[in-house]
Amino acid sequence: MSFEGHVVLIHAFPLHAELWKPQVERAPAGTRFLTPDLPGFGRSREVPVRSMEDLARSVLRALDEAKIDRAVIGGLSMGGYVTLALYRMAAERFAGMILADTRATADTEQQREGRRKMIATVRERGPSAVADEMLPKLLGETTHRQQPALAARVRAMIESNPAEAIAAAAEAMMGRPDSTALLPSISVPTLIISGAEDVLTPPSDAEALHAGIPGSRLAILNNAGHLSNLEAPDAFSLTLNAFLTSVSASR
Ligand code: MLT
């Protein structure tokens with residue numbers, strides 16, 4: 001039985017909706033994917049926003065515009081932070097949840113300091129300086145070794161985004177609340193995925209999400225880093241599509 005419904009996937013920082021191309025290409029028959037560009041990113045013509053709640057509201061607007069009442073909703077990294085903010089706001093819109101390479105906790109003071117520096121970097125030297133800084137950590141060491149062409153693809157996504165969208169999203173991540181207390185109240189089927197080689201949100205963050213969300217499933221993907229869906233697209237989509245089938249069966 002395939003999943004005859006909508007799946008909303010929210011992209012990571014500082015990328016855009018193209019991140020999800022491998023999953024859209026591997027969509028099971030009957031499943032419709034909505035992959036919005038967050039305000040200011042990719043093809044979005046919206047003004048960049050500076051809070052996680054405003055990012056979540058932009059996804060709600062995309063759902064309303066597409067006339068989607070309920071969907072399996074998820075995201076990778078920053079997309080996961082947006083997903084948790086959206087659940088806090090509108091849990092009734094979720095038929096299921098996907099949290100990939102993300103975490104529930106807020107930024108530490110040290111991470112906030114890093115964001116301030118990144119905001120200054122992107123304003124002074126542009127998105128390519130952010131790509132220089134982030135690329136070594138966005139992809140896992142196996143990908144750097146075995147799929148060097150992926151780095152150029154990720155760089156192109158970063159460089160196509162306006163500096164102000166990147167700065168605004170960094171500010172939104174900096175101010176996001178801790179969602180740990182929300183986890184036990186998540187009552188929809190939830191899939192948690194992490195690349196085994198993720199150094200930005202390591203598998204221990206995924207394990208903490210799994211421990212906090214009742215009945216959640218956890219998948220750790222080998223040979224993948226932070227952008228696990230792009231680095232291990234077959235394994236990611238196999239896991240995702242099997243989860244969607246199980247959501248159908250439980251409805
Ligand atoms: C992301 O991939 O969205 C970012 O690395 C998340 C973060 O910086 O916390």
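**View 1. Trp 20, a buried residue.** At 1% relative accessibility, Trp 20 counts as buried (buried means under 20% relative accessible area, exposed over 50% and partly exposed in between, with a 1.4 Å probe and protein chains only). This is a predicted model, where local features need pLDDT of at least 70, side-chain atom pairs count only at pLDDT 80 or more, and totals for chains, interfaces and linings use all residues. Residues are numbered from 1 along each chain as its sequence is written, and side-chain values use heavy atoms, leaving out hydrogens and water.

**View 2. The partner of Trp 20.** How many aromatic pairs are there? The count comes to 2, where rings of Phe, Tyr and Trp (its six-membered ring) pair if their centres lie within 6.5 Å, and planes under 30 degrees apart count as stacked, over 60 as edge-to-face and the rest as tilted. One of them is the tilted pair of Trp 20 and Phe 236, with 6.1 Å centre to centre and 55 degrees between the planes. Trp 20 lies in the loop between strand S1 (6-10) and helix H1 (21-25), and Phe 236 in helix H11 (residues 233-249), so the pair ties together parts 216 residues apart in sequence. Helices (H or I, at least four residues) and strands (E, at least two) are DSSP runs, numbered from the N terminus. Phe 236 is also buried, with a relative accessible area of 1%.

**View 3. Tyr 87 meets Phe 94.** Here the aromatic pair is edge-to-face: Tyr 87 and Phe 94 sit 5.0 Å centre to centre, with 75 degrees between the planes. Are these two residues buried or exposed? Both Tyr 87 and Phe 94 are buried.
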